[in-house]
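Hi,

Here is the structure I promised to pass on. Have a look at it first, and then read my notes below.

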Amino acid sequence: MALNVYEGMFILDSARFARDQEAVSAQVTKLIQDAGGEILVSRLWEERRLAYPIKGHRKGVYWLTYFRLDSLALAELNRQCGLWDSNIRNLFIKIDPRMVDALVEHALAGPAALQDRQLPEVGVEYAEADDEE
């Protein structure tokens with residue numbers, strides 16, 4: 001039994017999410033836990049217009065999760081996600097164990113972490129060309 005950490009990105013139906021945010025977000029957790037997984041982080045990422053229509057939807061709510069799950073149970077979780085009406089699309093990516101702590105910490109911090117972060121100033125230096133005649 002190989003337990004791996006996965007990043008799960010769900011694109012959820014924005015109309016259903018707007019009607020009942022708690023129930024839709026709880027269903028993400030329920031699906032993962034029913035498959036035998038352990039949630040590390042589960043949060044709203046953002047709502048945005050889709051680049052192209054998916055199943056007739058033009059907008060979607062992106063929901064980010066990090067969870068620990070037996071690799072053999074991933075196929076069943078993926079199948080259950082496909083049967084869930086509020087799910088437009090999902091993707092699961094296996095995370096390198098060396099990166100788990102950093103990714104979970106970043107996901108817990110959320111968008112506020114990006115606002116507080118100071119980006120270094122990048123200076124461009126130009127070498128002056130010597131005119132040799």
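First, a term you'll need: a nonpolar core here means a set of buried Ala, Val, Leu, Ile, Met, Phe, Trp, Tyr and Cys residues joined through side-chain atoms within 4.5 Å, where buried means under 20% relative accessible area. Keep in mind that this is a predicted model.

The largest such core has 18 residues, and Phe10, Leu12 and Leu77 touch the most other members. Two or more residues each come from β1 (3-13), α2 (21-34), β3 (57-70) and α3 (74-83). There's also a second, separate core of 14 residues, with Ile11, Val41, Leu50 and Tyr66 among them.

Phe10 is worth clicking on: leaving aside residues up to four places away in sequence, its contacts include Val28, Trp63, Cys81, Trp84 and Phe92.

Now the sheet. It is open, with 4 antiparallel strands in the order β2-β3-β1-β4. β2 (38-54) and β4 are at the edges with a single partner strand each, so one side of each has no neighbour in the sheet. From one strand to the next, the twist averages 20°.

As for β1, 10 of its 11 residues are buried. It is joined to β3 by 11 bridges; Glu7 pairs with Tyr66 and Met9 with Leu64. On the β4 side (residues 87-94) there are 7 bridges, and Ile11 has Arg89 as its bridge partner there.

Two helices to look at last: α3 packs on the sheet, touching β1, β3 and β4, while α4 (residues 100-109) lies across β1, β2 and β3, at about 70° to β2.

Cheers

Conventions. Residues numbered from 1 in each chain as written. Predicted model: local features only at pLDDT ≥ 70, side-chain atom pairs only at ≥ 80, totals over all residues. Heavy atoms only, no water. Buried < 20%, exposed > 50% of the residue type's maximum accessible area, 1.4 Å probe, protein only. Contact = heavy atoms within 4.5 Å. Pairing = 2+ DSSP bridges. Axes fitted to C-alpha atoms, helices over the stretch in contact; angles between N-to-C directions.
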